[in-house]
Amino acid sequence: MKIVLLGAPGAGKGTYASRLKDTYNIPHISTGDVLREAIKNKTEAGLKAKIYMDKGDFVPDEIIIDLLKERLNQDDAKTGMLLDGFPRTIEQAKILDEIIGIKAVLKFDINKDVVLRRLGGRLICKGCGEIFNKHKLPPKQEGICDLCENQLHQREDDTEETIIKRYDLYQNQISPLEEHYKKTNNLHTLDSNIDLSDPECKVLENCKIILDNIKSKL
Ligand code: AMP
């Protein structure tokens, strides 16, 4: 089950992927995480990518595509994946079509003011990657992950200026991507303005309905 997750930064792609991956037994592959891992390991690609990421710009295709192919070749991605952060442009979507056959695209819609609130308060576990929010989804103990007890941190590119730039870049690219996936795949749009912590939130439930339906047809 090869699924693409589209959405602006802060739309909840990572949060929902972390809740769906075990249910469907497929990995969550985030190109942002792949790049951050390359930076951590001080690889040549990682060091080049960091210059773009710190400014909130797109990393050039020749860097990201090689890293993505490498990740998709790993054993856990043989049966499928929840692909988060790729494609970001129509050119990347066309390249992805050549690499893997996508079964469906889940698009998480979100407004700019909600993104600013969410990412401004976002805390990420250094150990397991679980996502919290200072205001809306705080950990039980300040600065500590509820799941693995590692430390929580804020991403370097979660500053207001960079958040706005990343959001605007996404908005500039989304229409052609949407048109592309309307033609070639199964595009599902979800309103992600409501937080997962809100009892009224049905986004996770709706994702599961879509994915169960796809799974039943495999
Ligand atoms: P994310 O974790 O998805 O918010 O991505 C963090 C940063 O990684 C982005 O702001 C970009 O600089 C870079 N990045 C991630 N995925 C891509 C991609 N598909 N194409 C270009 N740059 C990317």
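Start by selecting helix H4 and colouring its buried residues: Ile63, Ile64, Ile65, Leu67, Leu68, Arg71 and Leu72. Keep in mind as you go that this is a predicted model.

Now show what surrounds those side chains. The buried residues of H4 pack against two strands, E2 (28–30) and E3 (81–84), and also against helices H2 (31–40), H3 (44–55) and H5 (90–99). While H4 is still selected, try a quick ruler check between its end C-alpha atoms. H4 covers residues 61–72, and at 1.5 Å a residue its 12 residues should span 16 Å; the end C-alpha atoms are 16 Å apart, so the two agree.

Next stop: the sheet. Select E2, E3, E1, E4 and E8 in that order, and you have walked across an open sheet of five strands with parallel pairing. At the edges you'll find E2 and E8 (187–191), each of which pairs on one side only. Look along the sheet and you can follow its twist, which averages 25° from one strand to the next.

Zoom in on E4 and E8. These two pair in the parallel sense over five bridges. Pick out phenylalanine 108 here: leucine 190 in E8 stands opposite.

Bring in the helices that lie on the sheet. H1 packs on it and touches E1 (2–7), E2, E3 and E4; the direction of H1 makes about 175° with that of E3. Then select H8, residues 203–216, which lies across E1, E3, E4 and E8 and runs at about 165° to E8.

Stay with H1 and E4 for the rings. Which two residues form the aromatic pair? Show tyrosine 16 and phenylalanine 108: their rings are stacked, 5.5 Å centre to centre with 0° between the planes. Don't go hunting for others, as the structure holds one aromatic pair. This pair links distant parts of the chain, with tyrosine 16 in helix H1 (residues 13–24) and phenylalanine 108 in strand E4 (residues 104–109), 92 residues apart. Switch on a surface and check both: tyrosine 16 is buried, and phenylalanine 108 is too.

Last pick: threonine 89, in the loop between E3 and H5. Is threonine 89 buried or exposed? Its relative accessible area is 10%, so threonine 89 counts as buried, the cut-off being under 20%. To see what it touches, leave aside the neighbours within four places in sequence and display Phe58, Gln173 and Leu177, which are in contact with threonine 89.

Terms used: Residues are numbered from 1 along each chain as its sequence is written. This is a predicted model: local features need pLDDT of at least 70, side-chain atom pairs count only at pLDDT 80 or more; totals for chains, interfaces and linings use all residues. Side-chain values use heavy atoms; hydrogens and water are left out. Rings of Phe, Tyr and Trp (its six-membered ring) pair if their centres lie within 6.5 Å; planes under 30 degrees apart count as stacked, over 60 as edge-to-face and the rest as tilted. Helices (H or I, at least four residues) and strands (E, at least two) are DSSP runs, numbered from the N terminus. Buried means under 20% relative accessible area, exposed over 50%, partly exposed in between (1.4 Å probe, protein chains only). The expected span of a helix is 1.5 Å times one less than its number of residues. Contact means heavy atoms within 4.5 Å. Two strands pair if DSSP finds at least two bridges between them. Axes are lines fitted to C-alpha atoms, for helices over the stretch in contact, and angles run from 0 to 180 degrees between N-to-C directions.
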